Amino acid sequence: SRVLRSLLVVTFRLLSLRSKCVVVVPSDQVADLIRKSSKGKFSVITIENPCLVVSEESVANPKARKTPLFLWNSNLIEAKGYLEFTEALLELSDFRGNSIDVVVAGKLMGSTEYQRSVKKVHRELLQYSFQYIGPVDRMTMGQLLDNCTHVILPSRYRTECQPLSVIEAMCFGRQIIISDLPALKETVGKYPSYCYELQDRSGLRNVMAEATENFLLDELDEFAPKLSDIEAARDRFSSEKFLRSIQAVFGIPAGYVV
């Protein structure tokens with residue numbers, strides 16, 4: 001995007017004052033963009049974001065629930081697709097029939113007009129099994145992830161990089177519903193997920209309906225993460241791996257404690 005490119009230009013000008021520079025980013029897409037924009041002048045390293053809320057205990061079994069619980073665990077930003085999410089909810093007969101529980105945790109951010117629109121739709125949603133609890137700390141977010149069955153992020157955010165909401169969902173073994181935004185697909189990687197095309201206006205509603213039906217009929221098929229998928233996510237986004245990678249960049253000996 002133009003915003004990201006402008007930021008990169010400013011960054012390159014500042015960094016050009018140094019004789020040698022290493023740039024660390026959490027995404028291969030951003031790394032490739034920097035390499036191309038800097039014409040190879042900088043050494044660019046990808047170190048993915050860590051997940052800090054997962055315990056060493058086994059993943060809770062969401063099938064203990066009789067109904068699916070959709071969790072929105074990101075800030076309520078317009079470009080994250082929050083209003084599209086609420087619109088899809090209101091179009092779902094299972095939601096209107098109280099066969100779906102929904103919890104939204106995140107800070108409402110944006111223009112006055114956008115916030116007014118969100119508050120208006122919240123008033124409509126509250127007649128169903130819907131709860132908006134606002135921003136929460138990481139411990140509370142871990143509890144919410146423990147109790148939910150699905151995490152949803154239909155982002156169209158142009159500067160989306162590697163959202164923590166999706167990382168945490170994978171590390172908790174939750175089913176994921178995302179848009180086909182390249183940054184989201186890169187973050188998810190090989191982890192199974194429901195994915196729809198942003199250009200498809202009915203895409204989000206359709207995959208939410210499919211996810212609900214599969215859950216209620218106990219037909220999770222290829223979209224249900226296996227234990228191996230969860231373990232791979234926990235290894236990929238572990239704090240230990242992140243610290244080892246950062247230590248390597250700064251030349252800090254392994255095992256060194258600050």
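**Pocket, strands and loops of a predicted model**

Student: By class, how many residues in the lining of the largest pocket are nonpolar, polar and charged?

Tutor: This is a predicted model, and its largest pocket is lined by 14 residues. By class, the lining has five nonpolar, two polar and seven charged residues.

Student: Which residues lie nearest the centre of the largest pocket?

Tutor: The pocket holds about 300 Å³ of space. Of its 14 lining residues, those nearest the centre are E84, E87, D200, R201 and S202.

Student: Which helix gives the most to the lining of the largest pocket?

Tutor: Two helices, α3 (82–91) and α9 (203–216), each supply at least two residues of the lining. With four residues, the one that gives the most is α3.

Student: Are the residues on the two faces of strand β6 buried or exposed?

Tutor: Strand β6 covers residues 150–153, with H150 and I152 on one side. V151 and L153 are on the other side. Buried means under 20% relative accessible area, and the four residues on the two faces are all buried.

Student: What is the bridge partner of F70 in β6?

Tutor: Strand β3 (residues 69–72) and β6 run parallel and are joined by two bridges. In β6, the partner of F70 is H150.

Student: Which residue of β7 does V151 stand opposite?

Tutor: β6 also pairs with strand β7 (residues 175–179). This pairing is in the parallel sense and has four bridges. Within β7, the residue opposite V151 is I176.

Student: Which helix forms a right-handed β-α-β unit with β6 and β7?

Tutor: The unit has β6 and β7 as its strands, and its crossover is right-handed. The helix, residues 164–171, is α7.

Student: How many of the residues of α7 are buried?

Tutor: The buried residues of α7 are S165, V166, I167, E168, A169, M170 and C171. They pack against α6 (138–147), β6, β7, α8 (182–188) and α10 (227–236). The helix is mostly covered, and the count of buried residues out of eight is seven.

Student: Which residue just after α7 takes a positive phi?

Tutor: The phi in question is about 75°. The residue that takes this positive value just after the helix is G173.

Student: Where is N98, and how does it count by relative accessibility?

Tutor: Phi of N98 is near 60°, which is a positive value in a residue other than glycine. N98 lies in the loop between α4 (93–96) and β4 (101–104). The relative accessibility of N98 is 42%, so this residue counts as partly exposed.

Student: Why does P135 count as exposed?

Tutor: P135 sits in the loop between β5 (130–132) and α6. Exposed means over 50% relative accessible area. P135 counts as exposed because its relative accessibility is 57%.

Student: With which residues is P135 in contact, leaving aside its neighbours within four places in sequence?

Tutor: The C-alpha atoms of P135 and N75 are separated by 7.7 Å, although these residues are 60 residues apart along the chain. Contact means heavy atoms within 4.5 Å. Outside the four-place window, P135 is in contact with G106 and K107.

Student: Of the contacts in the chain with a separation of 6 or more, what share comes from residues 24 or more positions apart?

Tutor: The chain has 11 helices and eight strands. Of its 258 residues, 44% count as buried. Among contacts with a separation of 6 or more, the share from residues 24 or more positions apart is 71%.

Definitions and conventions
Residues numbered from 1 in each chain as written. Predicted model: local features only at pLDDT ≥ 70, side-chain atom pairs only at ≥ 80, totals over all residues. Heavy atoms only, no water. 1 Å grid on protein atoms, 1.4 Å probe; cavity = no way out; pocket = protein on both sides within 12 Å on 5 of 7 lines; lining within 4 Å. Points joined across faces, edges and corners; volume = space filled by probe spheres on them. Nonpolar A, V, L, I, M, F, W, Y, C, P; charged D, E, K, R; others polar. Buried < 20%, exposed > 50% of the residue type's maximum accessible area, 1.4 Å probe, protein only. Pairing = 2+ DSSP bridges. Right-handed = clockwise from strand over helix to strand, strands pointing away.
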